[in-house]
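Please find below some notes on this model, set out as numbered points. They are meant to be read with the structure open.

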Amino acid sequence: MPKDWLEWHDLYNTEPKLQQRLEIVREYISYSLDNSPTGSIRVVSLCAGDGRDLLGTLANHPRAKDVYARLVEINPQLVERGRATIESLGLTKQIEFINGDATASANYVGAVPADIVIVCGIFGNLADENELNRLLGNLSFLSKKGAFVLWTRGHSNGVASSETVRKYFREFGFDEVYFKLTATGDMGVGIHRYLGESLTVLKEQNLFVFSGIPNKTR
Ligand SMILES: C[S@@+](CC[C@H](N)C(=O)[O-])C[C@H]1O[C@@H](n2cnc3c(N)ncnc32)[C@H](O)[C@@H]1O
């Protein structure tokens, strides 16, 4: 079992569930870029890891030059790795990788509201459904009207937690664009569209509490 989040990323080399999840997330990022209006596309990624989902997609996407992104990640080694990838792609003028707390709204000022919001590997690390609801509510700060929100949610002990996530997105008035389970059957990946107005001032400075530990594939 991984001891830290850097080690957790090594599971991408061996775990079919994570590899399939990454493939679907990249497909959905690509879809979101293809379906964004002409001109610049703003992207934010929360708890971005080493950014392989977004950066791996931009490596081959015709709209890469339109993307202005901010990735927020707390582990400095993952950020360093992500920054090296950004440099190798020649995207340093468009993509910022912030080493900071993704739960703090202050870290998104100047980058939101975004056209694409990536919240992968987070929902399984929230304490409970109240916290999930709080984060879904706070997406109105991060998202433009019509923004694509990409998310993942793993299942454990036979509980289809991704169905709970889909239910709450529905209740919040998001439109489901796509949802898929990995071939392993225990990881859900979705895209929802935010249909509300974006909220420029947040009631709280903390968007959610990340309470997970890297002891399972999320
Ligand atoms: C399950 S991993 C997901 C990484 C990436 N989004 C992915 O799907 O590959 C969770 C990530 O959240 C990061 N993290 C945990 N707490 C954080 C915080 N408060 N602010 C920013 N990142 C955080 C961890 O370091 C880890 O890289």
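**A buried arginine without a salt bridge**

1. Arginine 21 is buried but forms no salt bridge, and aspartate 53, the nearest side chain of opposite charge, is 6.0 Å away. A salt bridge requires the nitrogen and the carboxyl oxygen to be within 4 Å, so a separation of 6.0 Å does not qualify. The model is predicted, and this point should be read with that in mind.

2. Which side chain does arginine 21 contact instead through a polar pair? The side chain of tyrosine 12 makes a polar contact with that of arginine 21, at 3.0 Å. Tyrosine 12 also appears in the ligand surroundings, where it is listed among the residues that come nearest.

3. Arginine 21 belongs to helix α2. This helix covers residues 16–34, and its 19 residues should span 27 Å at 1.5 Å a residue. The C-alpha atoms at its ends are 27 Å apart, so the expected span and the model agree. The buried residues of α2 include Leu18, Leu22, Ile24, Val25, Ile29 and Leu33. Lys17, Arg21, Tyr28 and Ser32 are also among the buried residues of α2.

**Salt bridges**

4. How many salt bridges does the structure hold? The count is 12. Three of them are described in the next points, and each is given with its N to O distance.

5. Aspartate 50 and arginine 81 form a salt bridge through their side chains, with 2.9 Å from N to O. This pair links distant parts of the chain, with the two residues 31 apart. Aspartate 50 sits in the loop between β1 (41–46) and α3 (52–58), while arginine 81 is in helix α4 (residues 76–89). Aspartate 50 is buried, at a relative accessible area of 7%, whereas arginine 81 is partly exposed, at 32%.

6. A salt bridge also joins the side chains of glutamate 131 and arginine 134, again given as 2.9 Å from N to O. Both residues are in helix α5 (residues 129–142), and because they are 3 residues apart, about one helical turn separates them. Glutamate 131 counts as buried at 12% relative accessibility, and arginine 134 counts as partly exposed at 22%.

7. In helix α6 (residues 161–171), arginine 166 and glutamate 163 are 3 residues apart, which means that about one helical turn lies between them. Their side chains meet in a salt bridge of 2.9 Å, N to O. Is arginine 166 buried or exposed? Arginine 166 is buried, with a relative accessible area of 18%; the cut-off for buried is under 20%. Its partner glutamate 163 is partly exposed, at 39% relative accessibility. Elsewhere, salt bridges with shared partners join Asp50, Arg52 and Arg81 into one network.

**Ligand surroundings**

8. Which residues come nearest to the ligand? Of the 19 residues around the ligand, these are Tyr12, Cys47, Glu73, Asp101 and Ala102.

9. Several polar distances to the ligand can be checked directly. An N or O atom in the side chain of aspartate 101 is 2.9 Å from a nitrogen atom of the ligand. From alanine 102, a backbone N or O atom lies 2.8 Å from a ligand nitrogen. Cysteine 120 places a polar backbone atom 2.9 Å from a nitrogen atom of the ligand.

**Hairpin and the segment after it**

10. In what sense do strands β6 and β7 pair? Strand β6 (residues 175–181) and strand β7 (residues 187–193) pair in the antiparallel sense, over 6 bridges. Among the paired residues, lysine 180 has valine 189 in β7 as its bridge partner. The hairpin of β6 and β7 has 5 residues between the strands, and in this hairpin glycine 185 takes a positive phi near 85 degrees.

11. Leucine 199 is in the segment after β7. At 36% relative accessibility, leucine 199 counts as partly exposed. Leucine 199 and phenylalanine 179 are 20 residues apart along the chain, and their C-alpha atoms are separated by 26 Å.

Notes:
Residues numbered from 1 in each chain as written. Predicted model: local features only at pLDDT ≥ 70, side-chain atom pairs only at ≥ 80, totals over all residues. Heavy atoms only, no water. Helix = DSSP H or I, 4+ residues; strand = E, 2+ residues; numbered from the N terminus. Buried < 20%, exposed > 50% of the residue type's maximum accessible area, 1.4 Å probe, protein only. Expected span 1.5 Å × (residues − 1). Lys, Arg positive; Asp, Glu negative; His and termini not counted. Polar contact = N/O pair within 3.5 Å; in protein donor to acceptor, adjacent residues only side chain to side chain. Pairing = 2+ DSSP bridges. Near = heavy atom within 4 Å.
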